[in-house]
Every structure is written in structure tokens, then in C-alpha cells.
Amino acid sequence: MTFSEYATEWRGGQRHLTESSVRQLDSLLRCHLLPFFGSRRMDSFDHKVVDEFVRHMEAHDVGSAAQSNAFDKLATILLDAHRLGVYEESPIIGVQHPQYSPARAVIPTAPQLASLRSQGDDSFRLLVDLMSGCGLRNGEAAAINLNNIVADGVYRVTEQVNQTTTKYGPLKHRRQGEYRDVPLPRRIRETIEWHAEKHGTVEGYLLRHPQDQTQAFRPYFFQNQWQRLRKEQALDIPEGMVIYSMRHFFASNCLSHGIAITDVAEWMGHKSIEITFKTYRHLMPGTLGQAAKLLDLGLAA
């Protein structure tokens, strides 16, 4: 069996993947894995073959994130074959994983955040608050629903507006019906209730398509406002700041107040804590010297 045949059969069994994950998988197969491995027999893989693939991506200036994703997907497919007995030893063993380090996040200051809240329309203010105060992705913020306030200080994130289908769908890295609970600061709840009282809701949803209330709010409406305000120089933001920086503010606010990074990773919906750690490690308070002093207090007790 060739890699192309095996990968096609394996892909057919990935029924648990969300629509966006399927698109990413198909892109990795089409752009990276099948062109390089398509005709190769599955029983001919070893660590040298896999290492050659990594060096090929490096030589052809494939982006570091794409290298990492392509390698991870190849490893998943070969691990599946290893479990089925195609290999006595996994061909991935001994191959160095492509190194991917996300660029350091550009985070707005509190005064910059306050300035952002005063720009744009009411939906802009609401989305800025939800992303910076609760850590929601922009698609999740677009699906904000009054009925998802499940307790004082708790908002339940159950869905997002899919960027491609523009319809409500499951969360990233989650199956249909899965959710995560996030902190709901009092000020953010006040913004939600203010918006609901001023504009009303449709089945609990605060944001809907401005020309057709039967349709979901499009996340790109937020992006369009952001770009327009930047072009008009109405936003007091440093170079490199993007919409996603609102989520970075949430993470920074949590970590600077000593909240455990494991909790932050869960609230932000990251697939693994490694992603959170790589992106926000520099924001975590504490140094070796500070740790030594704290440990000394415990030893002296």
C-alpha cells in the first residue's frame, strides 16, 4: 500500500474532526505530505525518510508553523500504521521535531484597551470586552448569548461562528455539544447586559447580521471595523497589534495576577498547555531568585 492509499483510508476514519480541522488536514495532505510521500510504499518508511522530509521543508523555506503542523500530521499517520503492526519501531523515533516558536505577543496596555473600547460601534466595544475580559476567540465572541451566563462570574462558551460557513458550529478542538466555562468579570457582564438592553437579543444572541437578523453575526465585521479605524488612525495601538491581541491581554492579565497557566490554557481553549507556555512564558511572574526566597520560607517553617 502506498502512503497516498493509506492516508486516504486513514482520513476517511477521522469523523471526529471539526470542519475547520478537516480543512487543515486536507491542506497539509495536498500541499506537503502527498507531493513528497504519495507513491512511497508504507513499509519503506524509517527515521531517515522522515528526516529527509523535514530537511526538504527547511530547504524549500516552508514556514516554521507549517513545518510543525505537517510533521505532526505525518507522525499521527505513521503512529496509526505502527499500532497496526506495519512497523516494529515507529519511524518517527530519533527525528528532531521542527522548531516552532510563536512570535512574541504584542499586548495592549490598560489605557490602550480603554481607548479601543471607546472606538467603533457598540458591537466593537462588546467584542473588545469579550476577547480581553473573557479570552474568547473572535468567532466565539460573535456567538455571544445571554443564556450562556450560567452563574455569577461564569460564562459558558458553547459555540462559535465558523469563519467559512458563517454559521454557528462547535468550538475549535471540540466536538458538537462540548463547551468550556470561562471567568466572567463583573465589568464584562455589565457590558453584555448593557448591549442586550440597548439592542435586544434574538434567541439570546446579542449579535446578528445587521441586514438579516435570521443570520449569525460575521466575525469579519469586527475585522473590517478594526482595519477602517486603523486606516483612519483612530486606534491608539503599537505596531504589530492585531485583533488577537485582545486575547493576549486576557492571558497577560491572568498570569500577572498569579493565576495558574493550566487554568489559563483551559479557559482560552488551547489544544495543549504547550501552546500557552510557548506563547506566554515570558509573562509569568517569578524568577529563580524569587523562587529561592519562597522555597526558603517553606524550609524555615
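Here is a quick briefing on the fold, strands, aromatic contacts and cysteines of this protein. Keep in mind that the model is predicted. The secondary structure comes to 13 helices and seven strands, and 42% of the 301 residues are buried. Ten is also a number to remember, since the aromatic pairs come to 10. Disulfides, on the other hand, number zero.

**Overall layout**

- Along the principal axes, the C-alpha atoms of the protein fill a box of roughly 65 × 65 × 40 Å.
- Take the contacts between residues at least 6 apart in sequence: 64% of them join residues at least 24 apart.
- For a sense of span, pick His-16 and Val-106: they are 90 residues apart along the chain, and their C-alpha atoms are separated by 34 Å.
- His-16 itself is found in the loop between helix H1 (3-12) and helix H2 (19-37).
- Is His-16 buried or exposed? Neither label quite fits, because its relative accessible area of 41% makes His-16 partly exposed.

**The three-stranded sheet**

- Strands E1, E2 and E5 make an open sheet in the order E1-E2-E5, and the pairing is antiparallel.
- Strand E1 (149-151) and strand E5 (180-183) are the edges, each pairing on one side only.
- Ignoring direction, neighbouring strands of this sheet are turned by 40 degrees against each other on average.
- E1 and strand E2 (residues 154-157) run antiparallel and are joined by two bridges.
- Looking across from E1 to E2, you'll find Ile-149 standing opposite Tyr-155 in E2.
- As a reminder, strands of a sheet pair through backbone hydrogen bonds, either parallel or antiparallel.

**The E6-E7 hairpin**

- Strand E6 (residues 208-209) and strand E7 (residues 212-216) form a hairpin, with two residues between them.
- Two bridges hold the E6-E7 pairing, which is in the antiparallel sense.
- To find the register, look at Arg-208, which stands opposite Ala-216 in E7.

**Aromatic pairs and the cluster**

- Two numbers describe a pair of aromatic rings: the distance of the centres and the angle of the planes.
- Phe-37 and Phe-53 have ring centres 4.9 Å apart and planes at 55 degrees, so they count as a tilted pair.
- That pair links distant parts of the chain, with Phe-37 in helix H2 and Phe-53 in helix H3 (residues 47-59), 16 residues apart.
- Phe-37 is buried at a relative accessible area of 1%, and Phe-53 is buried with 1% too.
- Which residues join Phe-37 and Phe-53 in one aromatic cluster? Phe-3, Phe-36 and Phe-45 do.
- Phe-124 and Phe-222 go edge-to-face, at 5.1 Å centre to centre and with 70 degrees between the planes.
- Phe-124 belongs to helix H6 (residues 122-134) and Phe-222 to helix H9 (residues 219-231), so this pair ties together parts that are 98 residues apart in sequence.
- Both partners are tucked away: Phe-124 is buried with a relative accessible area of 0%, and Phe-222 counts as buried at 2% relative accessibility.

**Charges over rings**

- The charged end of Arg-40 sits over the ring of Phe-45, 6.0 Å from its centre, and Phe-45 is one of the residues in the aromatic cluster.
- The charged end of Arg-156 sits over the ring of Tyr-179, 3.9 Å from its centre.
- Arg-156 falls within strand E2 (residues 154-157), the middle name in the order E1-E2-E5.

**The cysteines**

- Why is Cys-134 without a disulfide? Its closest cysteine sulfur, in Cys-254, is 9.9 Å away, which is too far for a bond; a disulfide would need the two sulfur atoms within 2.5 Å.
- It works out likewise from the other end, as Cys-254 is in no disulfide and the nearest cysteine sulfur is that of Cys-134.
- Cys-134 is buried, with a relative accessible area of 1%.
- Cys-254 is buried as well, with a relative accessible area of 7%.

Definitions and conventions. Residues numbered from 1 in each chain as written. Predicted model: local features only at pLDDT ≥ 70, side-chain atom pairs only at ≥ 80, totals over all residues. Heavy atoms only, no water. Buried < 20%, exposed > 50% of the residue type's maximum accessible area, 1.4 Å probe, protein only. Pairing = 2+ DSSP bridges. Helix = DSSP H or I, 4+ residues; strand = E, 2+ residues; numbered from the N terminus. Axes fitted to C-alpha atoms, helices over the stretch in contact; angles between N-to-C directions. Phe/Tyr/Trp six-rings, centres within 6.5 Å; stacked < 30°, edge-to-face > 60°. Lys NZ or Arg CZ within 6 Å of the ring centre and 35° of its normal. Contact = heavy atoms within 4.5 Å.
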